There are 2 protein chains.
Amino acid sequence: MDAFRHEKIAVAVDFLIMTIEDDKLKVLMVRRNEEPFKGALALPGVAVAEEETLSHAARRCLEEETGITENIYLEQLYTWGDDCRRDPRNRVISVSYMALIPRELLAESIGKRVTEVLFMDVTEILSEQYKLAFDHKEMIAYGRERIQNKTEYTTIAFHFLPEEFTLPELQKIYEILLGKNLFKANFRKSIQDIVEDTGKMKKVGAHRPSKIYRRAEDFKG
Amino acid sequence: MDAFRHEKIAVAVDFLIMTIEDDKLKVLMVRRNEEPFKGALALPGVAVAEEETLSHAARRCLEEETGITENIYLEQLYTWGDDCRRDPRNRVISVSYMALIPRELLAESIGKRVTEVLFMDVTEILSEQYKLAFDHKEMIAYGRERIQNKTEYTTIAFHFLPEEFTLPELQKIYEILLGKNLFKANFRKSIQDIVEDTGKMKKVGAHRPSKIYRRAEDFKG
DNA sequence: GCAAAAGTGTTCTGGATACACCCATGA
DNA sequence: TCATGGGTGTATCCAGAACACTTTTGC
């Protein structure tokens with residue numbers, strides 16, 4: 001071992017920036033304007049600089065695409081290094097990250113972007129008809145699965161909502177992520193210890209208003 | 001983006017080679033004979049060559065340390081790139097892998113090695129008194145946690161045993177990984193669909209012999 | 001009053017937990 | 001025949017699934 005000085009490889013960070021919009025899980029995609037895969041849809045990514053930490057590169061990428069830097073759920077997913085990517089002569093290892101962002105937060109910052117970005121329905125983009133750049137389709141499938149699994153045994157779903165939310169809103173998030181409908185009463189029991197009433201109310205339509213909740217202090221981990 | 005040609009980084013694979021021995025979860029460690037951390041215990045690792053895939057580098061490392069190449073449970077864990085490792089001027093990103101190997105398999109091949117290798121008790125090596133090279137202590141802690149979690153919702157524990165095993169042996173593996181005792185009858189119910197009787201028996205001491213099982217065909221996923 | 005969605009109480013059930021017991025072996 | 005550990009049946013408990021019902025709003 002320890003021949004590190006000589007064997008150097010290009011390292012990239014590719015980013016799954018996820019949000020929920022129109023009752024669908026969506027991921028931010030950009031259109032490539034360079035070869036290879038010119039014109040194809042791709043995940044946003046950056047090259048990791050020589051003196052840069054991985055998480056710094058990740059945050060840099062996130063900021064470039066969304067303008068957001070703080071209070072965002074961020075998770076490393078997997079490192080893809082078994083394919084010959086981009087220029088065949090140029091081996092690249094790619095570390096994939098995932099960020100979950102409430103739709104409301106994106107609305108503000110995303111308009112200012114120059115480059116074209118689209119939030120694509122994850123289910124749709126994973127269908128046969130789409131050809132994505134590199135192994136990005138696999139990455140998205142991997143990320144979707146990770147979210148789905150974590151929804152079952154963590155509180156990851158909360159990151160798709162702002163600090164304050166109603167229980168019907170929260171339940172909808174869970175239903176989208178799990179891909180099935182839940183019973184209202186049961187869902188509420190399952191999260192009752194994790195949320196606390198703010199005392200505020202939210203009126204929406206011609207029906208009873210819903211209470212506004214936030215995450216309970218003890219369960220922010 | 002796409003400045004990949006210029007920004008190159010040394011990439012390493014570090015390996016958690018795990019087994020269960022003497023009723024303890026153990027990990028293979030080597031003693032470094034080079035600076036930095038000369039003399040300290042470290043996980044085995046290799047530098048990823050420019051034209052080498054990640055999983056190839058991982059298998060190369062595994063073979064170097066154990067002589068084993070096939071039928072081994074292998075899993076990528078996490079990519080560590082937020083520290084300044086080794087020579088401070090020389091940035092290294094390290095992809096950690098984990099292999100689970102039945103003790104019986106190691107017995108054969110491990111003797112042939114030149115370098116000193118030790119299987120260390122994971123609990124012990126994570127204790128205060130040990131100082132390991134680089135961020136290897138974190139890696140081990142991370143791997144132990146991953147195994148523990150996966151033991152609860154997958155059949156990962158089976159990889160610590162050979163093809164054929166008795167249920168008391170299997171239960172012992174689970175107890176070690178979960179860190180708690182299990183009720184015999186309950187444990188057997190929980191795995192009854194995953195195993196099948198081979199018809200063979202195993203005699204050990206002055207007591208009733210145990211049936212020998214294997215994993216059921218349908219549950220090898 | 002009525003539709004619509006918010007919010008709550010109660011039963012049912014399957015799986016995990018805990019305990020009790022029987023069985024086969026060597027000495 | 002006894003100690004030892006392998007092997008099995010059953011009562012209990014609890015979380016989640018399913019269902020039924022009440023409440024509050026706009027029109």
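**Figure 1. Residue classes on the protein surface near DNA strand C in a predicted model**. The surface near DNA strand C comprises eight nonpolar, five polar and eight charged residues. Here Ala, Val, Leu, Ile, Met, Phe, Trp, Tyr, Cys and Pro are counted as nonpolar, Asp, Glu, Lys and Arg as charged, and the others, Gly among them, as polar. A residue is near a strand if one of its heavy atoms lies within 4 Å of it. Of the 21 residues around DNA strand C, the nearest are Lys184(A), Ala185(A), Lys211(A), Asn186(B) and Ala206(B). Among the atoms of DNA strand C that come within 4 Å of the protein, 54% belong to sugar and phosphate.

The model is predicted: local features need pLDDT of at least 70, side-chain atom pairs count only at pLDDT 80 or more, and totals for chains, interfaces and linings use all residues. Residues are numbered from 1 along each chain as its sequence is written, chains are lettered from A and ligands numbered from 1 in the order in which they are written, and side-chain values use heavy atoms, with hydrogens and water left out.

**Figure 2. Backbone contacts of chain A with DNA strand C**. A polar contact is a pair of N or O atoms within 3.5 Å; within protein, one must be able to donate a hydrogen and the other to accept it, and residues adjacent in sequence count only if both atoms are side-chain atoms. A polar backbone atom of Lys211(A) lies 2.3 Å from a phosphate oxygen of DNA strand C. For Pro209(A), a polar backbone atom is 3.3 Å from a sugar or linking oxygen of the strand, and a backbone N or O atom of Arg208(A) is 3.5 Å from a sugar or linking oxygen. At least two residues each of the surface near DNA strand C come from α6 (184-191) and β10 (210-215) of chain A and from α6 (184-191) of chain B. With four residues, α6(A) gives the most. Helices (H or I, at least four residues) and strands (E, at least two) are DSSP runs, numbered from the N terminus.

**Figure 3. Contacts with the bases of DNA strand D**. DNA strand D is surrounded by 21 residues, and Arg208(A), Lys184(B), Ala185(B), His207(B) and Lys211(B) are the closest. Sugar and phosphate make up 49% of the atoms of DNA strand D within 4 Å of the protein. A polar side-chain atom of Lys184(B) is 2.4 Å from a base nitrogen, and a polar side-chain atom of Arg208(B) is 3.0 Å from a base nitrogen. From Arg208(A), a polar backbone atom lies 2.8 Å from a base oxygen. The elements giving two or more residues to this surface are α6 of chain A and both α6 and β10 (210-215) of chain B.

**Figure 4. Helix α1 of chain A**. Helix α1(A) covers residues 54-66 and has 13 residues. The buried residues (under 20% relative accessible area, 1.4 Å probe, protein chains only) are Leu54(A), Ala57(A), Ala58(A), Cys61(A), Leu62(A), Glu65(A) and Thr66(A). Seen down the axis of α1(A), these buried residues fall within an arc of 140° (taken from the directions from the helix axis to the C-beta atoms), so they line one face of the helix. Just after α1(A), Gly67(A) takes a positive phi of about 80°.

Technical notes: Expected span 1.5 Å × (residues − 1). Buried < 20%, exposed > 50% of the residue type's maximum accessible area, 1.4 Å probe, protein only.
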